[in-house]
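Biologist: I would like to learn how to read a structural model. Could we go through one together?

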Amino acid sequence: MGPSSPISAPNGRLRRETGLYRDGGPYGKGMRLTAFTDVSLRLVMRLAVAEDEDLLTTRAVARTLAVPYTHMAKAVARLADMGLVETRRGRGGGLRLTGAGRRASVGAIVRELEGGGDLAGCEDDPPCPLRESCRLRRALRDAREAFFASLDAVSVEALTAAPTRGILVSLGVVGHSAE
Ligand code: SF4
């Protein structure tokens, strides 16, 4: 995705600011999505099955998706920045998935939210002495791209088919503003 894409603006800094950058501490739990990406995808799925009359607020969606409000608010802001979600204030307001959000592939969303950082601590402090010419570093980057590419074929619509759809719909909530 280029800089002009509705889902551009990579922001690893945001992930660090949220405290959600990587799970499992310095030795991790294997390769897994950041909590921020997972929260964002939960939100996209919930909004994808919303009816026009649903008033989905950030607070209500956070509660029903078992996510702290502050984390959900950051996900809403990021997805809005990417052009995937819109927020409407006031009576009849709430969160909506945009047309771009409905058309986006899961791979595009995940690639954008996860960013292009290393899967290992190549640039940690202290940095790895092999980092300038490490074949493992390249292999890991290629593996990550293959992971993203496999998700390119998955649409938001496909994510919200049965049986997931029924669960998402059962989470229906009513709120009074976009907050
Ligand atoms: S060995 Fe290679 S992949 Fe591992 S930290 Fe060092 S540079 Fe990165």
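**Reading the model step by step**

Biologist: Let's begin with one residue; where does Ala161 lie?

Modeller: Ala161 sits in the loop between α8 (156–159) and α9 (164–170). Keep in mind as we go that this is a predicted model.

Biologist: Is Ala161 buried or exposed?

Modeller: The idea is to count neighbours, with 12 or fewer other C-beta atoms within 10 Å meaning exposed. Ala161 has 11 such atoms, so Ala161 is exposed. In space, Ala161 and Val49 are 9.4 Å apart, C-alpha to C-alpha, although 112 residues separate them in sequence.

Biologist: And how does Ile167 compare by that count?

Modeller: Ile167 belongs to helix α9. With 13 other C-beta atoms within 10 Å, Ile167 is partly exposed. Its C-alpha is 9.4 Å from that of Arg46, a residue 121 places away in sequence.

Biologist: What about the chain as a whole: which elements make it up?

Modeller: There are 9 helices and 2 strands, in the order α-α-α-α-β-β-α-α-α-α-α along the sequence. Of the 179 residues, 25% count as buried. Among contacts between residues at least 6 apart in sequence, 66% join residues at least 24 apart.

Biologist: How do I check the length of a helix, say α7?

Modeller: Start with the general geometry: an α-helix has 3.6 residues a turn, so residues three or four places apart point the same way. For length, use the rise of 1.5 Å a residue: the 18 residues of α7 (residues 135–152) should span 26 Å, and the end C-alpha atoms are 26 Å apart, which agrees.

Biologist: How many residues of α7 are buried?

Modeller: The number is 0 out of 18, so α7 lies largely in the open.

Biologist: Which residues are around the ligand?

Modeller: The shell consists of Asp118, Ala120, Gly121, Cys122, Cys128, Leu130, Arg131, Cys134, Leu136, Arg137 and Leu140. Sorted by character, the shell has 7 nonpolar, 1 polar and 3 charged residues.

Biologist: Finally, what does the confidence look like along the chain?

Modeller: Mean pLDDT is 82 for the chain, with 78% of residues at 70 or more. Helix α4 (residues 69–81) has the highest confidence, at 97, and helix α1 (residues 12–18) the lowest, at a mean of 37. Residues 1–25 have pLDDT below 50, and beyond near neighbours in sequence this stretch has 43 contacts in the model. Residues 174–178 also stay under 50, with 21 contacts beyond four places in sequence.

Methods. Residues are numbered from 1 along each chain as its sequence is written. This is a predicted model: local features need pLDDT of at least 70, side-chain atom pairs count only at pLDDT 80 or more; totals for chains, interfaces and linings use all residues. Helices (H or I, at least four residues) and strands (E, at least two) are DSSP runs, numbered from the N terminus. A residue is buried if 20 or more other C-beta atoms lie within 10 Å of its own, exposed if 12 or fewer, and partly exposed in between; C-beta atoms are placed from the backbone. The expected span of a helix is 1.5 Å times one less than its number of residues. A residue is near a molecule or strand if its C-beta atom, placed from the backbone, lies within 6 Å of it. Ala, Val, Leu, Ile, Met, Phe, Trp, Tyr, Cys and Pro count as nonpolar, Asp, Glu, Lys and Arg as charged, and the others, Gly among them, as polar. Two residues are in contact if their C-beta atoms, placed from the backbone, lie within 7 Å. pLDDT is the predictor's confidence in each residue, from 0 to 100.
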